[in-house]
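Here is a short tour of a protein chain, written for someone who likes to think at the bench about side chains and how they pack. Have the sequence and the structure open beside you as you read.

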Amino acid sequence: MAPPAPLWPYKAEGHQAASGDNRGSDQSAPPPHPPPLSCEGARCSRLPQPRERRGGGEGATQGTATTPTPRAQASAARMREPAHAGSGSAGSDCCEFWRSAMGIKGLQGFVARVCPDACRTVDLREMAEKHRIDHPDSPPVIVVDAMSCVKHWYTPESWVCGGQWREYLAILEDFIKAFMAAGIKLVFYFDGVVEEKKLDEWIKRRFQNNKEIARIFQFIKTHRKQPGREMFTIPSALPTFTRFALKSLGQKTVCTLQEADFEVAAYGLQHNCMGILGQDSDYLIYNTCPYFSIEKLHLDRLVTVMYSREDLCRALGLSLTHLPLFASLLGNDVVPESLLEGFWQKCLVTSPCRNSGYNRRTNILLAVANYISKLPCSYSSLKHLEEMLPLGSDKTLLSQGVESYILPGQHSPWILPNITNCQMFPLQQQTAMCQDKEIFQLAKEQHIQSENYTIFNILSNGEIKCSNSLEDECDREIPGQALIYRPARQHIYSVLLESGKDGDYPVVKEWFVYFGNPLRQPELIKPVQPSIPGGTPSLKTLWFAKGPDVEKQRYRTFLACFHLQDEMEELQALEAPVAAFCCLLAYLMMQVSSLSLEDLNAFVALILCLKGKSAAQLAGLQLAQVDSRAVHLGAVIVRGLTTLLMANSACGFPFRMDDLMPWEVFDGKLFQEKYQRSHRGCSMEELLEGNESLYTPFQNLKSFICKVCMAKKRIIQSRPRGNGFFTGTRQREYNPRFQQTHRSSFVPPYHNQMRGFSRRNHQPQGREYGSGHPDYRRRFHLPPW
């Protein structure tokens, strides 16, 4: 075991642009030939021999710490668990917006195994104190690449049931408090797009995630319990709600206009940040502030590993100037690895660094570094490389790859100055689907400040993507959430993309993952106007107008997206989170006819019983078994909450966004418990945990939803499943009806094959509801319990 590395003080040179001594080549001179692939140079002798990977963070210098709470200690202990190969990273891929490769393939492991001196154990408290001394006018700030941290933050024991949202919120709060206690400010960055150049890789990962999700459901059906952490995948929509959670906790939260790593690196450089916290080896390439590992973070001590790009360069015989070219010649998000195989092979044949103790990827990294260390640092050298490499029709790929690492204000000898830093604002308003500058600007500002959801993506380029959800492709009764909520999305698109004089709307390109969608091209979805007397209000009215009449218009337009515009009075009488959840539940019951009275009972009991429960109480809830259908329904309802967010953003925020968050209305384990009890036929008293004050609200909410469904000729039937868990393994048949775009204001529900079930005849019990709604029982038909 290597001795603990000394603390590495902040190095100013990490902030500087590439040094000028490597730029002396005459850029107008004829292109120099790349050096012959020879064995010259003994530089590799400085590299250590193959060795076992040393642990990061253990034996680190400890600073003075406040005593952590038991919850923080448990969270920190789980955060120290190593990332799980395969499924862990795949879990983080199950995001709405996903960085395709999390940096350069193999580079992070290469640094840990081959360049251990570049992995410095550091105490963030001590670094913060040094930063305050060196920069008395600016507090220590760490910019957080949130998308690479999400899977490390989600440490609740249960993950398969749809999310333990109050537990997760408490964990995020503890995370923030640990840094605040050290006087460190955090700024969180989230990916706001999947860039076109990464779409193929995004699609490839979606199908891989589908296979992993299928294995999870097979495990649940076989063992009736949650799989181990080796199969971990983050709950559906976790990145989306993490963004809003951090904002609700008072943190600066930024949603990017392009993938986040560039903007994170730029922010760290421009604001003289103490460092970047994440897990993406691209931060070893950018010439920006120090890079800290979230994977190696010991939250209780604020100790982690800092990766030194300077020490990496020393080990490889390179300068900081070489790193963008080094990354591009290894294959990155711009330059495909498939185009570089021949180049790598030539480097390997003649490299003096080849070592039989290293794997092929490690030897490739060493050989490529050896090759480019002999290149003159000039634009001419890079152009000659582009001619030599089989880059196909686009000979500028290598230049683009290098340019992608050059931050604003920096210059590189590899590229011409007039083409640097052009990627900061890739979305131009003149190409947007929305030509109203005022609306477009507000949508953009709200997007960056994490105040709306997907609206800017639709207004800017008419495209929307949604990744995998934890859905069972073998359950033939429940369609994919993408299809269930498509009619609502079509109404939302209509609100956003106001029709022209001829009444036509532009189509929206949807990339949604669901069973039967080959993802070969986007589905072109036509907006459909919701049914609102007098027509849909303009965005100008919904977003900028004021007054009580406008508030009613916002609320009615929101409800119309879910076919509930006639229920405005009843819904407004409820608390906002309950009203929003009932809106979602009524829509879901209308759309999917396989949902039963038992399912409805479980959902209503969930929203009522959740209100009084703390994160600790929910964490202590134990499940005897896990039902696969309830897992599927949990994911569907959470995705439905994101649809509420989209509608709320489009309609001018008739609800506070905080009222639509899952920690207000949903808990995965609690839903599993209510679902299983309901399908076993337990009494209302047992379902509501003996809380008599909930009996009448339970009946009233259920009556309201049944009344809404009956108005659409949807009768909710009793279909108890008891302990007969769904165990089918046949792939469900793809129903092509759900591939069609929505053509009317209401789609008939998805009909399943189950028929002939009779209703149960238990009579409702409970006192009259006395909290402001004395007429509910008169107005609503009460279905049998």
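## Aromatic pairs and what surrounds them

The structure, a predicted model, holds 25 aromatic pairs. One of them brings together Y189 and Y267: their ring centres lie 5.6 Å apart and the planes meet at 55°, so the pair is tilted. Y189 belongs to strand β3 (residues 185-190), while Y267 sits in helix α9 (residues 260-270), so the pair ties together parts that are 78 residues apart in sequence. Both Y189 and Y267 are buried.

A second pair worth finding on your screen is F603 with F671. Here the ring centres are 4.6 Å apart and the planes are at 15°, so this pair is stacked. F603 comes from helix α24 (residues 597-610) and F671 from helix α28 (residues 668-679), so the pair links parts that are 68 residues apart in sequence. F603 has 0% relative accessibility and counts as buried, and F671 is buried with 0% relative accessibility as well.

Which residues do ring pairs link into a cluster? They are Y154, W159, W165, Y168, F232 and F241.

Rings also meet charges in this model. The charged end of R206 sits over the ring of W202, 5.0 Å from the ring centre. Likewise, the charged end of R361 sits over the ring of W344, at 5.1 Å from its centre.

## The chain as a whole

The secondary structure comes to 31 helices and ten strands. Of the chain's 785 residues, 62% count as buried. Among contacts between residues at least 6 apart in sequence, 79% join residues that are at least 24 apart. The accessible surface adds up to about 29700 Å², and 51% of that belongs to carbon and sulfur atoms.

How many disulfides does a search of the whole structure find? The search finds zero. As for individual cysteines, C434 is buried, with a relative accessible area of 9%, and C474 counts as buried at 13%.

## Helix α8 and its packing

Helix α8 (residues 238-248) deserves a closer look. Nine of its eleven residues are buried, so the helix is largely enclosed by the rest of the structure. Those buried residues are L238, P239, T240, F241, T242, R243, F244, A245 and L246. F241 in this list is also part of the aromatic cluster described above.

What do the buried residues of α8 pack against? Their partners are α5 (150-153), α6 (165-181), β3, β4 (252-255), α26 (628-650) and α27 (662-665). Strand β3 is also where Y189 of the tilted pair lies. After α8 comes G250, which has a positive phi, near 85°.

## Unusual backbone angles and a distant neighbour

Most residues other than glycine have a negative phi. Two residues in this chain are therefore worth a look: R224, with a phi near 55°, and H563, with a phi of about 65°. R224 is found in the loop between α7 (199-223) and α8, and H563 in the loop between α21 (548-560) and α22 (568-572). Are they buried or exposed? At 30% relative accessibility R224 counts as partly exposed, whereas H563 is buried, at 5%.

Helix α24, the home of F603, also contains E598. E598 is buried, with a relative accessible area of 0%. Its C-alpha atom and that of Q717 are separated by 8.5 Å, although the two residues are 119 apart along the chain.

The relative accessible areas of some of these residues are gathered here.

| Residue | Relative accessible area | Class |
|---|---|---|
| C434 | 9% | buried |
| C474 | 13% | buried |
| R224 | 30% | partly exposed |
| H563 | 5% | buried |
| E598 | 0% | buried |

## How confident the model is

Finally, a word on confidence. The chain averages a pLDDT of 82, and 77% of the residues score at least 70. Over residues 51-70 the pLDDT stays under 50, and the model has 40 contacts for this stretch beyond four places in sequence. Residues 725-785 also have a pLDDT below 50, with 160 contacts in the model beyond near neighbours in sequence.

Definitions and conventions
Residues numbered from 1 in each chain as written. Predicted model: local features only at pLDDT ≥ 70, side-chain atom pairs only at ≥ 80, totals over all residues. Heavy atoms only, no water. pLDDT = per-residue confidence, 0-100. Contact = heavy atoms within 4.5 Å. Phe/Tyr/Trp six-rings, centres within 6.5 Å; stacked < 30°, edge-to-face > 60°. Helix = DSSP H or I, 4+ residues; strand = E, 2+ residues; numbered from the N terminus. Buried < 20%, exposed > 50% of the residue type's maximum accessible area, 1.4 Å probe, protein only. Lys NZ or Arg CZ within 6 Å of the ring centre and 35° of its normal. Areas by Shrake-Rupley, 256 points an atom, 1.4 Å probe, with all protein chains shown as cover. Disulfide = S-S within 2.5 Å.
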